[in-house]
Amino acid sequence: MYVAIAIGLTSMACFSGFVWQRHRHGRRERFIRNFRLPTAMLDALRARHRHLTRDDCQLVAQALRRFFLAHLLSGGRFVSMPSQLADDLWHEFIADTGAYARFCETAFGHRLHHIPGGAPDADNQGGAGLLRTWYFACHEEQIDPEAPSALPLLFALDSDLGIVRGFAYVTASNGFERTDGNREHNGGGSTCYDATPDLARPSSRDDGAASDWSDLADLTDIVGD
């Protein structure tokens, strides 16, 4: 009898923990979706890119929120920033140290550290991180990441808003292709990214250095139906 009671109490505790975690995750997701950056940060972005309109800056802010959502929905795993514009706005946000710390604690429960847009990290996770961002950005806009009909906002932003030194992408048969040459890190050429969840190995062309990106999460398990 006591064993049955103990098992029942343990099951109840596990179920309660699961419900609490789901509730906390939903609360964090709603917080990110509803978060609005101060106008001063958008004005600072316009000072960097003077051709942008206020509506353009709001679009960049929306893209940055989707990047934050990608980090949350990935279970807090490494995600790469695919947009120079969104990265610039992220910089403005980080500069307000207190506000950024409060945002991260509420949104993620930990600080999201900045890694420059388009740069792989020290453990060569840049490609896997970019694939994670791609998957969740596509999921947000109901685009099939493995057979995309269009680029999601985060990947289209720099080209759409005419950023000269921005990051450029096009859709590909099994994912997407970066076409700006990855100037700082690949030395030119274009790189194809296969978005199949269990395969994170982009193949480089036009003399770009081929890399083996491993340890991509099983994204379908994370997102669910």
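**Salt bridges in a predicted model**

Modeller: In this predicted model, Arg48 and Asp88 form a salt bridge, with their closest N and O atoms 3.1 Å apart.

Biologist: What makes the contact between Arg48 and Asp88 a salt bridge?

Modeller: A side-chain nitrogen of Arg has to lie within 4 Å of a carboxyl oxygen of Asp or Glu, and the closest N and O atoms of Arg48 and Asp88 are 3.1 Å apart, so the pair meets the definition. Arg48 belongs to helix α2 (residues 39-48) and Asp88 to helix α4 (residues 84-95), so the pair ties together parts that are 40 residues apart in sequence.

Biologist: Why is Asp88 called buried, and why is Arg48 called partly exposed?

Modeller: Buried means under 20% relative accessible area, and Asp88 has 7%, so Asp88 counts as buried. Arg48 has a relative accessible area of 43%, which falls between the 20% and 50% limits, so partly exposed is the term for it.

Biologist: How do you know that Arg178 and Asp180, which meet in a salt bridge, are both buried?

Modeller: The relative accessible area is 3% for Arg178 and 12% for Asp180, and both values are under 20%, so both residues are buried. Their side chains meet at 2.7 Å, N to O, which is within the 4 Å cut-off.

Biologist: Which residues are joined into one network by salt bridges that share partners?

Modeller: That network consists of Glu29, Arg33 and Glu140. Within it, the side chains of Arg33 and Glu29 meet at 2.9 Å, N to O, and both residues lie in helix α1 (residues 2-34), 4 residues apart.

Conventions
Residues numbered from 1 in each chain as written. Predicted model: local features only at pLDDT ≥ 70, side-chain atom pairs only at ≥ 80, totals over all residues. Heavy atoms only, no water. Helix = DSSP H or I, 4+ residues; strand = E, 2+ residues; numbered from the N terminus. Buried < 20%, exposed > 50% of the residue type's maximum accessible area, 1.4 Å probe, protein only.
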